[in-house]
Every structure is written in structure tokens, then in C-alpha cells.
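Please study the structure shown below before reading the questions and answers.

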Amino acid sequence: MRKHDCLGIVGHLALDYQFVNATLACEGTSVTLNHTGESYRLFSNEHAFPGAKLTVDAMPEALMAKAESINYGGGGYNSLQALSLIIDANLRYLDECCLDPHIRQRFTDIGVEARSLDLRSIPRNAIAGDRSNKVILKSRIDRWQQGLDGSRIRMIAWLAECSAILANSLKDEIVLDAILTLASLAGSRVHLVAPHSLPLDFLRSVVLPRVASLVGNWDQTCYLVDSPVERSVSGNVEYITALRQQMPDAVLYWTLGSEGVLVSAPGDRDIY
């Protein structure tokens with residue numbers, strides 16, 4: 001497998017339906033969303049609170065029809081958009097979802113070659129409230145259980161030709177495992193934005209020991225270590241120290257919002 005001087009990004013698209021002017025009431029595992037004089041109650045298996053990302057059982061069609069705007073989103077796609085503006089490099093993008101003609105045209109417009117594994121249609125999210133109390137309500141996604149055929153493996157091999165790969169918001173263990181395997185064979189490095197949606201045992205045993213770097217934050221990845229720590233800068237330092245035991249060879253980046261970023265390099269006892 002020939003390695004190319006390019007950056008690969010792999011992700012999972014979403015369609016974000018925006019409800020900026022909605023008001024929210026969180027109670028237990030439910031969210032009541034008030035918008036344009038109507039109330040909609042959505043249920044999840046997770047605790048609901050302002051700032052949460054919740055998977056809900058169903059998206060009310062009457063609500064989705066009243067969205068103030070609809071945009072493409074998802075961690076991998078958002079990373080691609082940002083990187084295309086700040087770095088001068090050849091970019092390749094691979095998505096787990098089917099790509100419709102409109103999003104394919106967007107990739108063409110920014111000069112990015114994009115391919116898709118076609119595991120499912122692009123799911124919908126409802127994003128309600130403003131920055132101070134925004135809640136992201138996500139559609140439930142069934143993980144791919146059918147294996148990867150030859151054409152899909154070839155697409156992942158195409159991505160693994162890149163010298164570096166950023167994996168952000170993946171939903172399927174089989175895809176991430178294949179990326180790690182083929183990237184290792186190609187001598188490519190995989191950088192991971194910690195996924196909240198994949199099983200903990202899989203992340204600990206299969207993924208974390210094999211990535212070159214991990215990007216995370218408290219809200220999305222506090223479950224990766226067993227020891228409870230405080231939600232503070234000092235608590236995050238303690239958390240990274242514990243995580244380092246699982247990932248001795250990776251660079252760890254921990255975002256703290258307005259308080260900056262913590263960085264831990266392998267072999268360095270200090271955290272910056």
C-alpha cells in the first residue's frame with residue numbers, strides 16, 4: 001500500500017435542524033421543547049440537562065418541519081471544514097453515511113475528494129436553545145452488523161494511504177477497527193477525537209493503545225478511566241495522568257473550553 005502526503009478525515013455526517021429560539025425544560029430523562037407556541041416532549045435513556053447531548057427515541061416530524069435552519073454537521077465534517085481553511089494540504093474525506101448530491105457538491109467546491117461507505121442515510125439532530133443552555137437531541141443509530149465487503153475495505157485502504165488520519169464521530173466499531181488495522185499496515189498515524197458513542201470495552205482494549213493522539217474533554221470522555229475525579233483543571237490533570245497508563249505512547253489533548261487546553265506528551269511527566 002503506497003503512502004501519500006495528504007491528510008485523511010473520517011467521520012459520520014448529520015443533518016442539524018436548528019431551533020435557536022426554542023426554550024427547554026429538562027426533567028429526568030426527558031426534554032420538553034417549546035417552539036412557535038407548540039410543546040414537544042422527547043424521551044431518552046440518558047439524564048437530561050442544559051448542555052447535554054442526548055439520543056432520543058424519535059424525532060417529531062411536526063417539530064422538524066419548523067426548524068429555523070438546516071445544516072450539515074458531524075465531528076468529521078466540521079473538522080474538515082475547519083482544516084480546509086487553515087492548512088495547505090491535500091485532503092481526503094471518508095464518511096460512514098450515504099452522500100447525497102448536495103453534500104458531494106460541497107466537497108467538490110472546497111477541492112476535497114470524498115467517498116462514502118454507505119452504511120446508512122444521514123441521521124437528523126435537533127439542536128435547541130442558545131450557547132448557554134443548548135441541548136443536542138440525536139437520532140438513534142443502529143450499528144452496522146453485516147461486515148465490510150471488498151468495496152468498503154478498498155475505500156478504507158484508500159484513506160489509509162494518507163500519512164495521517166483524523167477519526168471524528170465514528171459510530172461503528174468495525175469501521176474504526178479496519179481503519180486502525182489498515183493504517184498500521186500502511187505506516188500511517190491515526191488521531192482520534194474520543195467517541196462517546198462506541199462501547200467502552202472496545203475503546204479501552206482495541207482503540208486507545210493504537211492511536212497516535214487522543215483529543216477529548218470532560219463531558220465526552222470522563223468514562224474512559226475508572227477513578228472518579230473532580231470536574232476542575234486539577235481534576236482534569238488527575239484524569240489525564242490516569243489515562244496515560246492506558247496510552248503510554250500517545251499525545252493527549254484535553255480541551256477545557258475558555259480555560260484552554262491541557263497537553264500531555266509521551267515520556268514527559270509534565271502536563272502543559
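The following questions and answers treat a pocket, a set of strands, several salt bridges and a helix of this predicted model.

Q: Which element gives the most residues to the lining of the second largest pocket?
A: The second largest pocket has a volume of about 150 Å³. Two elements give two or more residues to its lining, namely α5 (173-186) and β13 (189-193). The element that gives the most, with 4 residues, is α5.

Q: How many residues in the lining of the second largest pocket are charged?
A: The lining includes Leu180, Ser184, Arg189 and Arg210. Asp, Glu, Lys and Arg count as charged. The lining residues divide into 5 nonpolar and 4 polar ones, and the number of charged ones is 2.

Q: Which residues form the covered face of strand β15?
A: Strand β15 comprises residues 251-255. Its uncovered face consists of Val251, Tyr253 and Thr255. The covered face is formed by Leu252 and Trp254.

Q: Which residue in β15 is the bridge partner of Leu214?
A: Strand β14, residues 213-217, pairs with β15 in the parallel sense over 5 bridges. The bridge partner of Leu214 belongs to the covered face of β15. This partner is Leu252.

Q: Which residue in β16 stands opposite Tyr253?
A: Strand β16, residues 261-264, runs antiparallel to β15 and is joined to it by 4 bridges. Tyr253 belongs to the uncovered face of β15. Opposite Tyr253 in β16 stands Val263.

Q: Which residue in the hairpin of β15 and β16 takes a positive phi?
A: The hairpin has 5 residues between its strands. The positive phi is near 65° and belongs to Gly257.

Q: Is Glu113, the salt-bridge partner of Arg115, buried, partly exposed or exposed?
A: The structure holds 8 salt bridges. In one of them, the closest N and O atoms of Arg115 and Glu113 are 3.1 Å apart. Buried means under 20% relative accessible area and exposed means over 50%. Because its relative accessibility is 39%, Glu113 counts as partly exposed.

Q: How many residues apart in sequence are the parts that Arg143 and Glu173 tie together?
A: Arg143 forms a salt bridge with Glu173, and their closest N and O atoms are 3.4 Å apart. Arg143 lies in the loop between β11 (135-139) and α4 (150-160), whereas Glu173 lies in helix α5, so the pair ties together parts whose separation in sequence is 30 residues.

Q: What is the relative accessible area of Asp177, the salt-bridge partner of Arg210?
A: The closest N and O atoms of Arg210 and Asp177 are 2.9 Å apart. Arg210 lies in the loop between α6 (200-207) and β14, and Asp177 in helix α5, so the pair ties together parts that are 33 residues apart in sequence. Arg210 is partly exposed at 36% relative accessibility. Asp177 is also partly exposed, and its relative accessible area is 29%.

Q: Which residue has the backbone nitrogen that a side-chain oxygen of Asp100 reaches at the start of helix α3?
A: Helix α3 comprises residues 101-109. At its start, a side-chain oxygen of Asp100 reaches to within 3.1 Å of a backbone nitrogen, and this nitrogen belongs to His102.

Q: What is the phi of Gly111?
A: Gly111 is located just after α3. Its phi is positive, with a value of about 75°.

Methods
Residues numbered from 1 in each chain as written. Predicted model: local features only at pLDDT ≥ 70, side-chain atom pairs only at ≥ 80, totals over all residues. Heavy atoms only, no water. 1 Å grid on protein atoms, 1.4 Å probe; cavity = no way out; pocket = protein on both sides within 12 Å on 5 of 7 lines; lining within 4 Å. Points joined across faces, edges and corners; volume = space filled by probe spheres on them. Buried < 20%, exposed > 50% of the residue type's maximum accessible area, 1.4 Å probe, protein only. Pairing = 2+ DSSP bridges. Salt bridge = Lys/Arg side-chain N within 4 Å of Asp/Glu carboxyl O. Polar contact = N/O pair within 3.5 Å; in protein donor to acceptor, adjacent residues only side chain to side chain.
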